[in-house]
Amino acid sequence: MITEKPLVAYIAYEPLGINYLKVFLKYYEKFDSGHDHDLLICFKQFKSKNNIIDWEKNIKIKYLKFDDSNNLNDFDIGSYFRIAKKYSNRHILFLNTYTRPNTDNWLKIFINNYNKKIVLGATGSLSSLPSLFFNFFFKQHSKIQQIKWGIKHLLHVKLFPNAHLRTTGFFIQAEDLLTLNFDTNKFTKKIETNYFEGGRNGLSNRLIRKGYKLKLVNSDNKSFDISDWKFSQTFYLGNQEKLIFRDNMTDDYNNSNLEEQKKRALYAWGDFNL
């Protein structure tokens, strides 16, 4: 049961430019969230206070400001933890820079399907980085090189199926995230953020070991256990018609031809028999 007002935390990242923020705000206003909340905009890696002020002129709605202009780039994940620390008593829907709403009641759906010891994601995957390399998925690289990379990543990521929530949009109680005791100093390396999302010792696997259930939700207000994620009609599934949020990866899939879509679906959901 959620008693306090939930927080929706969006990352506005200066190096990627202001257009992503504008797109997020457009769809934030277009689609009704369906539930009262506080919107927090995290200004990430801005070079100056004046730049933040310039971006804020584009925001015509009420929001909480979170200035995260530290010198180190620890990607979205580092910001997620700092936001969680400041708002440790809140339930937070974390959204990365590329993410924007795709349906009405996008927050209400998370609230409706939330319960204690549950973490909800808008998208998820069974993909495994070492399995991709061992199956020579990346044709532009030699087989020898892919075997080497597969062995390297196997130390950190399980073979397929490797169920994990994508961190472009997920709903969690802030204290639950903080008690996982991640070393946030590692997130200055991009690969460490990949391991955070889908690694053996990443977010999803730590939650599972602590007895949490990982569920996907879709625009029909349905939730799916891991065994049923393939039926959610979300990330890399069919036409992705039940997505609650869209992001750069779901856009790339929709803009790809059928052959490429099948390849991506195999990457996310296919059984490599390893």
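Here are a few worked exercises on the chain shown above.

The model is predicted, so local features need pLDDT of at least 70 and side-chain atom pairs count only at pLDDT 80 or more, while totals for chains, interfaces and linings use all residues. Residues are numbered from 1 along each chain as its sequence is written, and side-chain values use heavy atoms, with hydrogens and water left out.

**Exercise 1. Work out how the radius of gyration of the chain sits against the globule rule.**

Solution. Start with the parts list: 11 helices and 12 strands, taken as DSSP runs (H or I, at least four residues, for helices; E, at least two, for strands) and numbered from the N terminus. Next, take the radius of gyration over C-alpha atoms and set the rule at 2.2 Å times the number of residues to the power 0.38. The chain comes out at 18 Å, close to the 19 Å that the rule gives for 274 residues, so it is as compact as a globular protein of that length. Finally, the C-alpha trace spans about 50 × 40 × 40 Å along its principal axes.

**Exercise 2. Find which residues touch the most other members of the largest nonpolar core.**

Solution. First, pin down the term: a nonpolar core is a set of buried Ala, Val, Leu, Ile, Met, Phe, Trp, Tyr and Cys residues joined through side-chain atoms within 4.5 Å. Buried means under 20% relative accessible area, exposed over 50%, and partly exposed in between (1.4 Å probe, protein chains only). The largest core has 40 residues, and Ile83, Phe94, Leu177 and Trp229 touch the most other members. Helix H3 (residues 75-86) chips in the most, with five residues. There's also a second, separate core of 32 residues, with Leu21, Leu107, Ile111 and Tyr114 among its members.

**Exercise 3. Decide whether helix H4 (residues 106-113) is mostly covered or uncovered.**

Solution. Count along the helix: six of its eight residues are buried, so H4 is mostly covered. The buried ones are Trp106, Leu107, Ile109, Phe110, Ile111 and Asn113.

**Exercise 4. Place Ile208: which helix is it in, and is it buried or partly exposed?**

Solution. Ile208 is found in helix H9 (residues 203-209). Its relative accessibility is 37%, so Ile208 counts as partly exposed. Now look at contacts, meaning heavy atoms within 4.5 Å: leaving aside residues up to four places away in sequence, Ile208 touches Leu214 and Ile226. As for Ser256, Ile208 is 48 residues from it in sequence and 33 Å from it in space, C-alpha to C-alpha.
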